[in-house]
Amino acid sequence: MTPDKLLLGKGETAQFLHLGLANRHGLVAGATGTGKTVTLQVMAEGFSRAGVPVFAADVKGDLAGISQAGADNPKFVQRAAELGDEPFSFAASPVIFWDLFGRQGHPVRTTVSEMGPLLLARLLDLNDTQEGVLALAFKLADDQGLPLLDLKDLRALLTFVGENAAALRVAYGNVSAASVGAIQRQLLALEQQGGERFFGEPALDLRDLMRTDAGGRGYVSILAADELMRSPRLYATFLLWLLAELFEELPEVGDPPKPKLVFFFDEAHLLFNDAPKALQEKIEQVVRLVRSKGVGVYFVTQNPLDVPETVLGQLGNRVQHALRAFTPRDQRAVRAAAETFRANPAFRTDAVITELAVGEALVSTLQPGGTPGIVDRARICPPRGRLGPVSPEERAAVQAESPARGRYDLAIDRDSAFEMLQRRTAESAATATTAPARRNTTKPASPSAGGGVLESILVGDGRRQGLAEAIAKSAARSVSSTVGRQVGNAIVRGILGALVRK
């Protein structure tokens, strides 16, 4: 490795990935067992040594070995010498382990508000009507100053929306009770899959993904995704959210000498499976524009056809491992992969793709000036870290030295919509016991919105109550249904049954 480029392998010539062009994104593809994970590890180690932080999902659990020095392997040493990867020595990379479920790494959380209605609708697999209702709930929460941090906040607010659909119609539009019910059912299914652990605080600070160690090496953030892959929609939505957050928060830097972060998206087909048009357009926009933020995105997948052409055309650095051509679709994939490379007159690209051995790949990277290099059949460099998983003891030792240790391990349930609605419920109960009975002698006014805030909502006895009071009473019913399912966690107190969590 030289200061401005990484050696990936060697064929007729050495194949380098130029750091100044690494933010032009890339693709690592190939059938199962052809060496994609090893290539990913080699690239991650190279970026780390160059001082570039890396984020990668560990789908099978065997990328974690990058945190340990590889065993002395004469074949690896010989290959490194043959390929010109010198000086070569086995070494561990600085690693931070992450896990949405908090079992194999630091917990990763975000708030419901930060996820936003579009990505949350994707996560819940909502149709257009249901997505509109969800967007309405988010707008109401913004208007009323109700922070949506976790799922219990959202469930309470959705219950209010459903029960006051008629009063909200003028200011926010039509609300279908069936749509609200469908969203609630999807939220329940998400909770059963462990999704509630993802929503809350402390939320992930993106700066913790962009660290370097005392020696200037970039940290490799590894997301434990073996359990997460049981919920593929949650996996894909989380990584898309993370990419979108990087796009929103990082400043424009143009084309830096090296990326500020490299993002590997393994099992990339999950990102695009059944994605609605609006979401796919967002993906394309983020991939296209995040380059100027200094972030390189590398998709890792079995088949190049898994990535839409509009995205595939933006991936300038490519490593293609072997593909099998047993079916018509496989044959189309081979042809499509071959057509994306700049042809090499020494061989037929489509024929070589099916002949590549394990550890070999077709490599084409952007050259100085931004032109794609001629494709070459190359032997990939060996990794310096261990190949394979780590033991629980080794993982714990890495965690003990993590620069993020102690920041995310304990969840925080700060004052948010749920707690605010509880207080309003108690206030409403106290008011109801002291307010004199009043007869309805005037015609109720139509609900209206001032500055985006609904001024009043008509209740059954003709008395008009403030929105805050209506939310509070509705929240009481939501709290009762939500908290009541958790045996022993709540009791009914107060005249109107205000709920107080233990």
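In the predicted model, the backbone oxygen of A64 lies 2.8 Å from a polar atom of the side chain of S67, and a further polar contact, of 3.3 Å, joins the side chain of S67 to that of Q68. S67 is placed in the loop between β4 (54-58) and α2 (74-83), and, because its relative accessibility of 9% falls under the 20% limit, it counts as buried. When neighbours within four places in sequence are left aside, the contacts of S67 are with A92, S93, V95, F97, V390 and V398.

A second buried loop position is D150, which lies between α4 (128-144) and α5 (151-163) and has a relative accessibility of 12%. The side chain of D150 makes a polar contact of 2.6 Å with the side chain of K152. Beyond four places in sequence, D150 touches V112, F199, G200 and D413.

P382 is likewise a loop residue, found between β12 (376-380) and α14 (392-400), and with a relative accessible area of 5% it is buried. Although P382 and K75 are 307 residues apart along the chain, their C-alpha atoms are separated by 9.1 Å. Not counting residues up to four places away in sequence, P382 touches V42, F76, R79, A80, D85 and F88. Two of these contact partners, V42 and D85, recur among the residues closest to the centre of the largest cavity, which is described below.

V262, by contrast, is found in a strand, β8 (residues 261-266), and its relative accessibility of 0% places it among the buried residues. Its C-alpha atom is 7.5 Å from that of Y298, a residue 36 positions away in sequence. Y298 is also one of the residues that V262 touches when those up to four places away in sequence are not counted, the others being F47, V52, P53, V54, F55 and G296.

These individual environments belong to a protein chain with 16 helices and 18 strands. Of the 502 residues in the chain, 54% are buried. Among contacts in the chain with a separation of 6 or more, 75% are accounted for by residues 24 or more positions apart.

Two of the helices were examined for length and burial. Helix α7 (residues 177-192) comprises 16 residues, which at 1.5 Å a residue should span 22 Å, and the distance of 23 Å between its end C-alpha atoms agrees with this expectation. At the start of α7, a side-chain oxygen of S176 reaches to within 3.2 Å of the backbone nitrogen of A178, while just after the helix G194 takes a positive phi of about 90°. The buried residues of α7 are S179, V180, A182, I183, Q184, L187 and L190. An α-helix has 3.6 residues a turn, so residues three or four places apart point the same way. The cover over the buried residues of α7 includes α3 (112-124), α4 and α5; the last two are the helices on either side of the loop that holds D150.

Helix α8 (residues 232-249) has 18 residues and reaches 26 Å from its first C-alpha to its last, close to the 26 Å expected at 1.5 Å a residue. Because 14 of its 18 residues are buried, α8 is largely enclosed by the rest of the structure.

Internal voids were also considered. Rolling a probe the size of a water molecule over the atoms shows where empty space is left. The structure holds four cavities of 30 Å³ or more, and the largest cavity has a volume of about 80 Å³. Of the 14 residues that line the largest cavity, the closest to its centre are L7, V42, G46, R49 and D85. β1 (5-10) and α1 (36-49) each supply at least two residues of this lining, and α1 gives the most, with five residues. By class, the lining of the largest cavity is made up of nine nonpolar residues, one polar residue and four charged residues.

Note on methods. Residues are numbered from 1 along each chain as its sequence is written. This is a predicted model: local features need pLDDT of at least 70, side-chain atom pairs count only at pLDDT 80 or more; totals for chains, interfaces and linings use all residues. Side-chain values use heavy atoms; hydrogens and water are left out. Helices (H or I, at least four residues) and strands (E, at least two) are DSSP runs, numbered from the N terminus. Buried means under 20% relative accessible area, exposed over 50%, partly exposed in between (1.4 Å probe, protein chains only). A polar contact is a pair of N or O atoms within 3.5 Å; within protein, one must be able to donate a hydrogen and the other to accept it, and residues adjacent in sequence count only if both atoms are side-chain atoms. Contact means heavy atoms within 4.5 Å. On a 1 Å grid over the protein atoms alone, a cavity is a set of points where a 1.4 Å probe fits but cannot get out, and a pocket is an open set with protein on both sides within 12 Å along at least five of seven lines; lining residues have an atom within 4 Å of a point. Grid points are joined across faces, edges and corners, and a volume is the space filled by probe spheres set on the points. Ala, Val, Leu, Ile, Met, Phe, Trp, Tyr, Cys and Pro count as nonpolar, Asp, Glu, Lys and Arg as charged, and the others, Gly among them, as polar. The expected span of a helix is 1.5 Å times one less than its number of residues.
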